[in-house]
Amino acid sequence: MVPKTNLFGLTLADLQQICNNEKMPKFAAKQMADWLYKKRSNSIDEMTNLSLKVREQLKEKYVLEKSLPVDSQTSVDGTKKYLFAVGKNEYIESVYIPDKDRATLCISSQIGCKMGCRFCVTGKQGFKGNLTAAQILNQIFSIPESSALTNIVYMGMGEPFDNFDAVLKSIQVLTSEWGVAMSPRRITVSTVGVIPVIRDFMEKTECHLAVSLHVPFGDKRQELMPMQKPYPHTEILRLLKKYDWSGQRRLSFEYIVFKNFNDDEHSARKLVEILKHLRCRVNLIRFHSSEGVPLEGVADDKMIAFRDYLTNEGIICTIRASRGEDIMAACGLLAGKKADE
Ligand code: SF4
């Protein structure tokens with residue numbers, strides 16, 4: 001039997017194609033998009049402005065499928081980590097972070113990751129597969145806080161630019177008028193710097209970009225991040241300088257501060273040197289040690305001194321607030337544990 005196609009996760013163009021194939025009226029595509037993304041329906045039967053005959057016809061080949069989280073952990077500060085099953089014994093995580101007038105969801109784009117960053121638990125688990133656009137969007141649509149979300153960050157498990165077709169589809173659903181109609185300025189996509197895809201992302205979306213830089217020296221960055229070899233940070237910066245960052249679109253660099261590795265003045269000075277002609281900001285991130293990762297975080301005063309150095313040199317720099325530390329450990333840990341069970 002041919003498996004049924006999930007309508008959830010499809011773009012308006014995909015739905016128009018279905019209408020075409022099924023000889024349904026063209027306007028039904030827009031109606032379906034409305035049920036899927038605005039009214040957040042859970043079944044084809046709920047699409048009551050499609051005739052009963054059309055609904056029955058659709059149900060022969062299509063389904064509307066979403067899946068609830070299989071587990072969650074709540075931090076004392078309100079941060080919540082959700083676990084979703086995405087196949088046989090495979091799990092991904094999303095993290096809900098409420099903060100005053102904001103509610104951010106950090107979502108995953110792959111099951112595991114190929115990038116192999118040395119400080120990352122997900123990287124250590126290796127790559128198990130790509131998420132579909134439906135599985136990416138499901139994380140947003142299937143948590144209890146779904147309708148309260150104000151911001152989405154693609155910073156969970158996986159490298160979004162290694163699964164860009166699905167990521168782009170999910171962004172189209174989120175930002176299009178026929179979809180969720182969310183402002184692209186409320187969406188940030190993070191990458192280690194997959195150069196060819198950065199170009200695509202810049203042309204096809206208006207979302208913010210966050211580049212995981214972590215080290216301003218090539219050889220040291222490669223020690224930490226093997227992807228430095230195919231995509232050197234100097235080339236990433238050269239490319240990013242070609243774009244206009246003077247508008248509302250934001251470019252940020254993520255910098256995890258590791259003890260005795262990238263926390264010294266020499267690194268801070270180099271960081272200023274390579275970023276000073278680029279309109280951007282730097283997010284300093286605290287590192288929390290995890291098993292099997294031979295790196296340590298730094299004390300608060302060191303973080304503050306590093307930030308102050310950059311700020312005095314004219315670089316906008318913030319220290320990312322640590323949230324959900326009691327449940328967080330490291331991204332990928334919960335999914336790994338569940339799969340081991
Ligand atoms: Fe992959 Fe991100 Fe982990 Fe690097 S930090 S291995 S890109 S999930």
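**Exercise 1. Count the polar contacts across the interface of domain 1 and domain 2, then find the salt bridge.**

Step 1. This is a predicted model. Polar contacts are therefore counted between residues that are both at pLDDT 80 or more.
Step 2. The rule finds 4 residue pairs in polar contact across the interface of domain 1 and domain 2.
Step 3. Between the two domains the salt bridge count is 1.
Step 4. Lys169 forms a salt bridge with Asp14. Their closest N and O atoms are 2.7 Å apart, and the cut-off is 4 Å.
Step 5. Place the partners. Domain 1 spans 5–63 and domain 2 spans 71–327. Asp14 falls in the former range and Lys169 in the latter.

**Exercise 2. Describe the side of domain 1 that touches domain 2: which helices supply it, and what classes of residue does it hold?**

Step 1. Helix H1 (12–21) and helix H2 (28–38) each supply at least two residues.
Step 2. H2 gives the largest share, 6 residues.
Step 3. Sort this side by class: 6 nonpolar, 3 polar and 5 charged residues.

**Exercise 3. Size the contact between domain 1 and domain 2.**

Step 1. The domain centres, taken over C-alpha atoms, are separated by 34 Å.
Step 2. Domain 1 brings 14 residues to the contact, and domain 2 brings 14 residues.
Step 3. The buried area is about 1200 Å². Carbon and sulfur atoms give 66% of that area.
Step 4. Look at the domain 1 side. Phe8, Tyr37 and Arg40 supply 47% of the area that domain 1 buries against domain 2. No other three residues supply more.

**Exercise 4. Which residues are around the ligand, and how do they split by class?**

Step 1. List the shell: Cys113, Met115, Gly116, Cys117, Phe119, Cys120, Gly123, Gly158 and Val192.
Step 2. Sort by class. The shell has 6 nonpolar and 3 polar residues. Charged residues are absent from the shell.

Definitions and conventions
Residues numbered from 1 in each chain as written. Predicted model: local features only at pLDDT ≥ 70, side-chain atom pairs only at ≥ 80, totals over all residues. Heavy atoms only, no water. Domains from an automatic or database assignment. Contact = heavy atoms within 4.5 Å. Buried area = accessible area lost by both parts, 1.4 Å probe. Salt bridge = Lys/Arg side-chain N within 4 Å of Asp/Glu carboxyl O. Polar contact = N/O pair within 3.5 Å; in protein donor to acceptor, adjacent residues only side chain to side chain. Helix = DSSP H or I, 4+ residues; strand = E, 2+ residues; numbered from the N terminus. Nonpolar A, V, L, I, M, F, W, Y, C, P; charged D, E, K, R; others polar. Near = heavy atom within 4 Å.
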